[in-house]
Amino acid sequence: MSTFVSDFKTRATEKAGDLRHRQVIRTALRGYEIVRDKRKAAFQSWESARQAAAETKWEAVNHLDKHLEALTAKLEARGTKVHWASTGEQAREIIAQILRDKKARCIIKSKSMTSEEIHLNHALEKEGFTVVESDLGEFIVQLRHEPPYHLVFPSMHLTRGEIKDLFQKELGDAPSDAPEELTMVARRVMRQKYIQADVGFTGANFAIAETGMISITENEGNARLTAALPKTMVTLIGIEKVLPRFADLALFLPMLATAGAGQPMTCYNTMYSGPRQPGECDGPEEWHVVLLDNRRTELLADAEQRDALHCIRCGACLNVCPIFRNVGGHTYGTTYSGPVGAVITPHLRGLQEWKHLSNASSLCGACTEACPVKIDLHHHLLQNRRNASASEPAFFERLAYQIFGIVANEPAFWSLAKKLGWLTQPLQKVVKGSALDPARAWTKTRDLPAQPRESFKDWWRNRK
Amino acid sequence: MTVTLFIPCFMDALYPRAGISMVEILERLGHQVVCPEEIACCGQPPFNSGYWNEARTIATPVLEKLADAEAVVIGSGSCGAMVKNFYPELFKATRHAELAKQVAARTWEFSDFLVSKLGVTDLGAKFPHKVTFHDGCHGLRELGIHKQPRALLAKVRELELVEMTEVSCCGFGGTFAAKFPMISTAMGEVKCASAAETGAEYIVSSDSSCLMHIQGLLSRQGKPTKTVSLAEVLNHQ
């Protein structure tokens with residue numbers, strides 16, 4: 001067993017039984033589905049909107065080459081420097097080089113899961129740069145030296161009391177656990193950082209091929225300050241974030257807000273189309289856009305699962321996932337957690353090492369139902385299982401299914417199996433839940449049903 | 001109509017009362033019921049674990065036995081989804097591709113068959129209890145079955161249906177329950193808690209496998225709530 005899977009199982013077992021964690025996440029997500037459904041009802045037809053969004057993303061992803069070229073040409077025409085990074089390592093080096101060239105010391109950052117994917121903060125800090133997260137949730141987990149817990153809500157696993165204690169310890173200031181007061185503490189710290197920062201770093205929610213713009217969605221205004229105050233701006237974008245037309249935002253902005261947080265629109269939606277132009281009074285002097293592949297093109301090559309590139313990182317699939325809600329975001333050990341993480345991580349980081357995430361699902365399909373861009377998430381989990389078993393079957397598991405096949409296909413064997421089950425029941429009761437119990441995985445926490453002497457087929461036969 | 005009733009393997013061994021109720025209901029409605037004795041399992045366990053060759057070994061004879069059936073009725077949303085939705089996928093680009101599609105088109109989950117195909121909702125049943133209904137995820141999301149069992153329960157005399165506020169998976173998920181027992185157990189506990197909130201005496205479901213999981217937890221934890229299959233409720237006088 002690889003360390004990834006054993007770590008996952010250990011953490012999952014611990015978290016799943018952690019009733020306090022269960023309650024915290026339940027409280028954090030309480031009301032999410034209610035407000036989301038209220039916002040969904042504001043669409044003329046949510047289902048048609050999903051279909052339109054899926055078709056738009058299909059067009060974007062299936063003609064990615066064309067759209068990326070158009071995006072780049074438009075960005076460059078207004079003086080933006082566009083960089084192409086095939087790997088995370090290349091992206092880190094490109095960004096570090098920009099910082100070195102600028103002789104930067106302090107970087108202010110708005111929220112970017114893509115930067116988490118390439119472990120950017122760690123790499124920059126190792127080079128001696130100071131990196132400050134400006135999204136409040138990210139700021140909190142950064143103080144805890146933790147990765148974000150959730151794609152959209154990085155610190156949803158923490159209570160107000162815990163955040164108060166953290167601020168008290170790390171910042172020496174936390175008058176109470178009131179959200180307003182805690183926010184003011186963070187704001188006082190951050191405002192200084194915006195002014196000190198040499199470079200502002202952002203992610204992007206969408207990149208518009210038609211107009212050469214990136215679109216950033218946020219609730220706190222921190223991304224605006226990040227992009228506006230420092231002289232140099234750097235933006236990292238996964239290549240799948242491209243949308244063909246400006247008008248597509250009219251659908252995608254409310255959709256992202258609705259699916260992600262049950263908001264009609266996120267508070268701030270800003271489109272950036274270039275650095276400060278001659279005659280303009282504000283904006284960064286230089287803007288670098290780094291387009292990241294990092295194995296996205298391998299997913300693009302997989303016709304069956306290509307739609308996983310539709311993902312707009314809204315987190316809706318995490319919010320409704322009973323696995324995520326019980327094991328929590330950190331258990332996955334991946335940047336992208338929840339159902340979408342279980343689908344794409346095997347593509348981005350290796351199928352055999354990460355197939356356990358696809359196995360750790362009851363295939364309930366709540367994710368697929370919630371996905372605003374109609375990614376066939378839970379069926380992709382099945383396909384990952386199939387691909388993993390086909391390339392490296394587990395010897396005993398396959399043998400078990402081969403034996404099961406022989407028994408199931410031969411009525412005499414099937415009858416015998418049922419008889420044996422019935423006969424060994426008293427023995428089962430003796431070993432129940434102990435190390436000697438072959439059904440221990442079940443019986444440790446659950447009772448087995450009593451098997452009646454007469455099966456359905458016995459009844460059917462006797463009746464005739 | 002001749003109805004070919006497909007009783008899933010675990011129902012055959014562990015919950016014969018549910019299967020017997022289905023036979024009695026269908027016969028009472030005047031249909032001829034046949035149960036091919038050679039069919040034990042639909043092949044879902046190996047399929048869901050990724051062993052599609054092994055799944056085809058089990059599913060191929062099933063498909064051949066069902067080839068001439070007028071209507072196939074399956075006593076489980078999960079196994080129903082396997083035959084209706086996943087057989088065409090499993091047999092894609094094989095010599096059984098066409099047959100898989102044909103059989104899928106003639107296959108029904110039990111409650112869906114009664115309501116959508118036969119147009120029957122009142123089976124003359126009486127069940128004087130407060131119940132809540134658990135939607136098995138495959139029936140709900142693969143087959144889109146939600147109204148059918150409720151339409152049937154609405155006609156059961158003296159039955160009071162109280163819905164749970166949360167629609168969630170019971171955590172069974174086939175081999176998932178054994179591969180990740182603690183996650184599965186946690187999901188089951190959440191389910192049991194939301195059922196308990198309703199104050200229902202019984203949790204009713206179309207899927208005996210979900211009920212096996214829920215009942216397993218309830219019994220172990222000494223909870224008073226009971227479980228019963230939809231077919232047994234509908235056959236209760």
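E117(A) is buried, at 11% relative accessibility. This charged side chain has a partner in this predicted model: E117(A) and R296(A) meet in a salt bridge, with N and O 2.7 Å apart. From there, the briefing moves through chain A, across to chain B, and into two spots within chain B.

**The salt bridge around E117(A)**

- E117(A) sits in helix α7 (residues 113-117) of chain A and R296(A) in helix α14 (residues 296-300), so their salt bridge ties together parts that are 179 residues apart in sequence.
- R296(A) is buried as well, because its relative accessible area is 4%, which falls under the 20% cut-off.
- The pair belongs to a wider group: E117(A), E240(A), R296(A) and R313(A) are linked in a network of salt bridges.
- Over all chains, the structure holds 36 salt bridges.

**Chain A as a whole**

- Chain A is built with 25 helices and 10 strands.
- Taken along the principal axes, a box of roughly 95 × 55 × 45 Å holds the C-alpha atoms of chain A.
- Of the 464 residues in chain A, 55% are buried.
- If you look at contacts in chain A between residues at least 6 apart in sequence, 72% of them join residues at least 24 apart.

**Strand β10 of chain A and its partners**

- Strand β10 covers residues 286-292 of chain A, and six of its seven residues are buried.
- One partner is strand β1 (residues 81-85) of chain A, which pairs with β10(A) in the parallel sense over five bridges.
- To find this pairing in the model, look for H83(A), which stands opposite V290(A) of β10(A).
- Another partner is strand β7 (residues 232-238) of chain A, also parallel to β10(A), with seven bridges between them.
- Here T232(A) has E286(A) of β10(A) as its bridge partner.

**Where chain A meets chain B**

- On the chain A side, 63 residues are in contact with 66 residues of chain B.
- The two chains bury about 5600 Å² between them, and 62% of that area is on carbon and sulfur atoms.
- Three residues stand out: Y401(A), R446(A) and F456(A) supply 13% of the area that chain A buries against chain B, more than any other three residues.
- There are 31 residue pairs in polar contact across the interface of chain A and chain B, counting pairs with both residues at pLDDT 80 or more.
- Helix α21 (residues 395-409) gives the most to the side of chain A that touches chain B, with eight residues.
- By class, that side of chain A has 26 nonpolar, 17 polar and 20 charged residues.

**Salt bridges between the chains**

- How many salt bridges are there between chain A and chain B? The count is eight.
- In a salt bridge of 2.6 Å from N to O, the side chain of K418(A) meets that of D12(B).
- The side chains of E166(B) and R26(A) also form a salt bridge, at 2.9 Å from N to O.
- That pair crosses between chains, from E166(B) in the loop between β6 (160-161) and α10 (176-179) of chain B to R26(A) in helix α2 (residues 19-29) of chain A.
- R26(A) counts as partly exposed, at 27% relative accessibility.

**A salt bridge within chain B**

- K126(B) and E158(B) form a salt bridge whose closest N and O atoms are 3.8 Å apart.
- K126(B) lies in the loop between α7 (110-117) and β5 (130-134), and E158(B) in the loop between α9 (147-154) and β6, so the pair ties together parts of chain B that are 32 residues apart in sequence.
- Is K126(B) buried or partly exposed? K126(B) is partly exposed, with a relative accessible area of 36%, whereas E158(B) counts as exposed at 56%.

**Two buried residues of chain B**

- D207(B) is found in the loop between β7 (202-205) and α12 (208-220) of chain B, and D207(B) is buried with a relative accessible area of 3%.
- Beyond residues up to four places away in sequence, D207(B) touches S76(B), G77(B), S78(B) and G136(B).
- The side chain of D207(B) reaches the backbone nitrogen of G77(B) at 3.0 Å.
- T227(B) lies in strand β8 (residues 226-229) of chain B, and T227(B) is buried with a relative accessible area of 19%.
- The side chains of T227(B) and Q215(B) are joined by a polar contact of 2.6 Å.
- Outside its neighbours within four places in sequence, T227(B) has contacts including Y202(B), I203(B) and L211(B).

Methods:
Residues are numbered from 1 along each chain as its sequence is written. Chains are lettered from A and ligands numbered from 1 in the order in which they are written. This is a predicted model: local features need pLDDT of at least 70, side-chain atom pairs count only at pLDDT 80 or more; totals for chains, interfaces and linings use all residues. Side-chain values use heavy atoms; hydrogens and water are left out. Contact means heavy atoms within 4.5 Å. Buried area is the accessible area (1.4 Å probe) that two parts lose on being put together, summed over both. A salt bridge is a side-chain nitrogen of Lys or Arg within 4 Å of a carboxyl oxygen of Asp or Glu. A polar contact is a pair of N or O atoms within 3.5 Å; within protein, one must be able to donate a hydrogen and the other to accept it, and residues adjacent in sequence count only if both atoms are side-chain atoms. Helices (H or I, at least four residues) and strands (E, at least two) are DSSP runs, numbered from the N terminus. Ala, Val, Leu, Ile, Met, Phe, Trp, Tyr, Cys and Pro count as nonpolar, Asp, Glu, Lys and Arg as charged, and the others, Gly among them, as polar. Buried means under 20% relative accessible area, exposed over 50%, partly exposed in between (1.4 Å probe, protein chains only). Two strands pair if DSSP finds at least two bridges between them.
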